[in-house]
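Please load the model in a viewer and keep the selection panel at hand. The tour below proceeds by selection, with a short account of what each one shows.

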Amino acid sequence: MASHRRPKQPSRTRVTVLTTAAAAAVVLSANAANAAPTEKLGKDEVKAKVDKLYGQAEQATEKYNGAKEKQQKLQKEISTIQDNVARGQQELNKLRDGLGSMATAQYRSGGIDPSVQLFLSSNPDDYLDKASTLDQLSSQQVEALKKIQDKQRELAQERAEATEKLKDLAATRTELGDKKKEVQGKLAEAQKLLNTLTAKEKAALDAEQQRANRSSTERVDLKDAPPASGRAGAAFSAAQSQIGKPYVYGATGPSSFDCSGLTSWAYAQAGVSIPRTSEAQANAGTRIYNQSDLKVGDLVIFYGDMHHVGLYAGNGQVLHAPHTGAVVRYEAMGNMPFQFGVRI
């Protein structure tokens, strides 16, 4: 006799899993069918995007340079304060020892109450608040106590200053790390774009950059260029000697440079110290807004946020470290948004 038992139904869990998987498969299938194929960028489009990323990397580089300069300055200031505190503590110890010696001698001679010794072993600030004690102290001891008080206040102020600077230093180090990551991120993104090119396209782009580097290492006729002043001329000559050196973010020479690294290095060779970053260099001298008034060796500032700087080379040209992938070279100022010149 045939069995009439109802077939076993699949569990609810199994049905749910199967249903979900089927639905996901349908969605993926639909997405795959509707997704537009990724369009490969051409060489010129890649170059435009890479150039933009290089510009953003340079912006971040100047912020990185500023944070690095601030870090170095803070480290020097903290070191100086800590040295002062150490010397001050030695002076304080000598003052205390001297006061203790006076009290001991006075006590042995019977000229001071034994309770004074107890006071002398605690905070000197307490002494001056106790008139009965002061009556038993010599003018020499009172003077010594006041010196101790002054030295303690001075040390307390210096320690507080050091503490604040250490906090500032920690924040600056964090900023430095963030800016470094930002620069590296932009450069990595640019490299990723370059990697989408074919070998032939890469070779063509490299050749184009090499041509730009070679053709920009010689200045045009400068017979009409205004003469450079003494130190500006010396700085310009120093920068000329670095033509062909590669751009590297954060570099200050002499094997590689970023934009403000080149200008600060060049002026240093002329015996002139100028700030490290392009933004700070923009405030390092007299501003010149008319290009016709520029002289060879003047700083020239580009872009609204002043993130690029070079040296005026005459006849509308600038000598600068342009960007990653390029070398120190001449370039027409019209290729970048000129803001103003700076005469150091």
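Begin by selecting strand β2 (299-302) with side chains displayed. L299 and I301 project to one side of this strand, V300 and F302 project to the other, and all of them are buried. The model is a predicted one.

Keep I301 highlighted and add the strands that flank it in the pairing. Which residue of β3 stands opposite I301? The residue is V309. β2 and β3 run antiparallel and are joined by four bridges. Towards β6, I301 stands opposite F340, and here too β2 pairs in the antiparallel sense, over four bridges.

Next, select the connection between β2 and β3. This hairpin has five residues between its strands, and Y303 adopts a positive phi near 75 degrees.

Now widen the selection to the whole sheet. Six strands form an open, antiparallel sheet in the order β1-β6-β2-β3-β4-β5. β1 (286-288) and β5 (329-332) are the edge strands; each has a single partner strand, so one side of each lacks a neighbour in the sheet. On average, neighbouring strands are turned by 40 degrees against each other, direction ignored.

Move to the edge at β1. Three bridges join β1 to β6 (residues 338-343), and the two strands run antiparallel. Selecting T286 leads to its bridge partner in β6, R343.

Then display the helices that pack on the sheet, beginning with α8. α8 touches β3 (308-314), β4 (317-320) and β5, and its direction makes about 105 degrees with that of β3. α9 lies across β2, β3 and β4, and runs at about 55 degrees to β3.

Finally, isolate the two helices, selecting residues 230-240 for α8 and 259-269 for α9. How many degrees separate their axes where they cross? The axes come within 7 Å and cross at roughly 120 degrees, which means that α8 is oblique to α9. The crossing of α8 and α9 is right-handed.

To inspect the contact itself, show the side chains of R231, A232, A235, A238 and A239 in α8, which meet L262, W265, A266, Y267 and Q269 in α9. By class, this contact of α8 with α9 comprises eight nonpolar residues, one polar and one charged.

Definitions and conventions. Residues are numbered from 1 along each chain as its sequence is written. This is a predicted model: local features need pLDDT of at least 70, side-chain atom pairs count only at pLDDT 80 or more; totals for chains, interfaces and linings use all residues. Side-chain values use heavy atoms; hydrogens and water are left out. Axes are lines fitted to C-alpha atoms, for helices over the stretch in contact, and angles run from 0 to 180 degrees between N-to-C directions. Angles under 35 degrees count as roughly parallel, over 145 as roughly antiparallel, 65 to 115 as roughly perpendicular and the rest as oblique. A crossing is left-handed if the near helix is turned anticlockwise from the far one by less than a right angle, and right-handed if clockwise. Contact means heavy atoms within 4.5 Å. Ala, Val, Leu, Ile, Met, Phe, Trp, Tyr, Cys and Pro count as nonpolar, Asp, Glu, Lys and Arg as charged, and the others, Gly among them, as polar. Two strands pair if DSSP finds at least two bridges between them. Buried means under 20% relative accessible area, exposed over 50%, partly exposed in between (1.4 Å probe, protein chains only).
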